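User: Could you take a close look at one part of this model for me? I'd like to understand the salt bridges and how they sit in the fold.

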Amino acid sequence: MAGGNQTSIFEFLLWGFSGQPEKQRILFLVFLWMYVVTVVGNLLIVLAIGTDARLHMPMYFFLASLSCADILFTSTTVPKALVNIQTQSRSISYTGCLVQLYFFLTFGDMDIFLLATMAYDRYVAICYPLHYKMVMSRRRCSLLVTACWVLTSLVAMTHTFLIFRLSFCSKKIIPDFFCDLRPLMKVSCSDTQVNELVLLFLGGAVILIPFMLILVSYIHIVSAILRVPSAQGRCRAFSTCGSHLAVVALFFGTVIRAYLCPSSSSSNSIEEDTAAAIMYTVVTPLLNPFIYSLRNKDMKCALVRFLRGKVFFSWGQ
């Protein structure tokens, strides 16, 4: 069946959580709790930053953008997984699968680019503090976030189009709880060599180039911090970077495992792939609000003020 002729009556079966039917209710409750906490936690961060003029700085602008991306990223996969678990229906239409794939790639890549942008922001703030306000102006920050959205959309469109041109025959079972590139390529009966090459080079570049930029930024940051004479100054500088480093390690570790490390078709490998997917699609967006708020005094104070109704809307305050 040609990719262009496959209509909405063609369906895939998302088989990610079907191995243990007796645990479906527990899975539903756990995923529902994680989704609600993720959305509420990230939304609180966005609202606290947006309503408190004390946090109208580049670092928090990027953090609010990351929280928005995390809400959208999680909402691309988890609600459909919850519906499938609750209704015991594993199906997703061909069109729905491609739409989910596009938005999943867009928001997932957005997380990657934003984490690299946040590392650059910390690099400028710590290594060039006197030039920080000039380099990280409001206009430049907006341009950086806009560029991230444009790049992620182009990358997602490229991968989605290459999946669209594939044919899918009788084997339509996807061993995951959402539509992703590798599982879709595995169930295709077309030649996926072009898709594999694009995933290797374009996907690898999207993951590894930002990751290397983050590493280089933090090498310079650590070098600059170690030259600070005051122990208190060093601790303060490290604390502002610790939250970001924790998120980077958690997110990139699981993404690299999922996309750049080859996996076999054995049951153990499929379970490992599913676990890695849960880590970067559900667990990381869940933990981000806790990591950034608990380790950041300004963020904690802003959340307390917001929850008490003491907001500051003026940018000039």
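Analyst: Happy to. A good place to begin is R54, which has a relative accessible area of 45% and therefore counts as partly exposed. Please keep in mind that this is a predicted model.

The partner of R54 is D52, and the closest N and O atoms of this salt bridge are 3.6 Å apart. D52 sits at 2% relative accessibility, so D52 counts as buried, the cut-off being under 20%. D52 also forms a salt bridge with R305, where the closest N and O atoms are 2.6 Å apart. That second pair links distant parts of the chain: R305 belongs to helix α10 (residues 297-307), while D52 is in the loop between α1 (24-51) and α2 (58-87), with 253 residues separating the two. Taken together, D52, R54 and R305 are linked in a network of salt bridges.

By the rule used here, the protein has four salt bridges. Another of them joins E196 to R182, with 3.4 Å between the closest N and O atoms. This pair, too, links distant parts of the chain, with E196 in helix α7 and R182 in helix α6 (residues 181-186), 14 residues apart. E196 has a relative accessibility of 34% and so counts as partly exposed. R182 counts as partly exposed as well, because its relative accessibility is 24%.

To place these pairs in the whole, the protein has ten helices and three strands. From the N terminus on, the order of elements is β-α-α-β-α-α-α-β-α-α-α-α-α. Of the 317 residues in the protein, 49% are buried.

Helix α7, where E196 lies, also has a part in the interior. Together with α3 (94-127), α5 (138-164) and α8 (231-259), α7 (193-226) is among the helices that each supply at least two residues to the lining of the largest cavity. That cavity has a volume of about 210 Å³. Its lining comprises 19 residues, and L105, D109, I112, I207 and Y259 are the closest to its centre. By type, the lining divides into 14 nonpolar residues, four polar and one charged.

At the other end of the picture is strand β1, which holds L13 and L14. L14 counts as buried because its relative accessibility is 4%. Its C-alpha is 6.3 Å from that of P175, although the two are 161 residues apart in sequence. L13, at 31% relative accessibility, counts as partly exposed. With W15 and I173, L13 forms a nonpolar surface patch that has about 260 Å² of accessible area together.

Key:
Residues numbered from 1 in each chain as written. Predicted model: local features only at pLDDT ≥ 70, side-chain atom pairs only at ≥ 80, totals over all residues. Heavy atoms only, no water. Patch = residues over 30% accessible without salt bridge, like charges linked within 9 Å, V, L, I, M, F, W, Y side chains within 5 Å. Areas by Shrake-Rupley, 256 points an atom, 1.4 Å probe, with all protein chains shown as cover. Salt bridge = Lys/Arg side-chain N within 4 Å of Asp/Glu carboxyl O. Helix = DSSP H or I, 4+ residues; strand = E, 2+ residues; numbered from the N terminus. Buried < 20%, exposed > 50% of the residue type's maximum accessible area, 1.4 Å probe, protein only. 1 Å grid on protein atoms, 1.4 Å probe; cavity = no way out; pocket = protein on both sides within 12 Å on 5 of 7 lines; lining within 4 Å. Points joined across faces, edges and corners; volume = space filled by probe spheres on them. Nonpolar A, V, L, I, M, F, W, Y, C, P; charged D, E, K, R; others polar.
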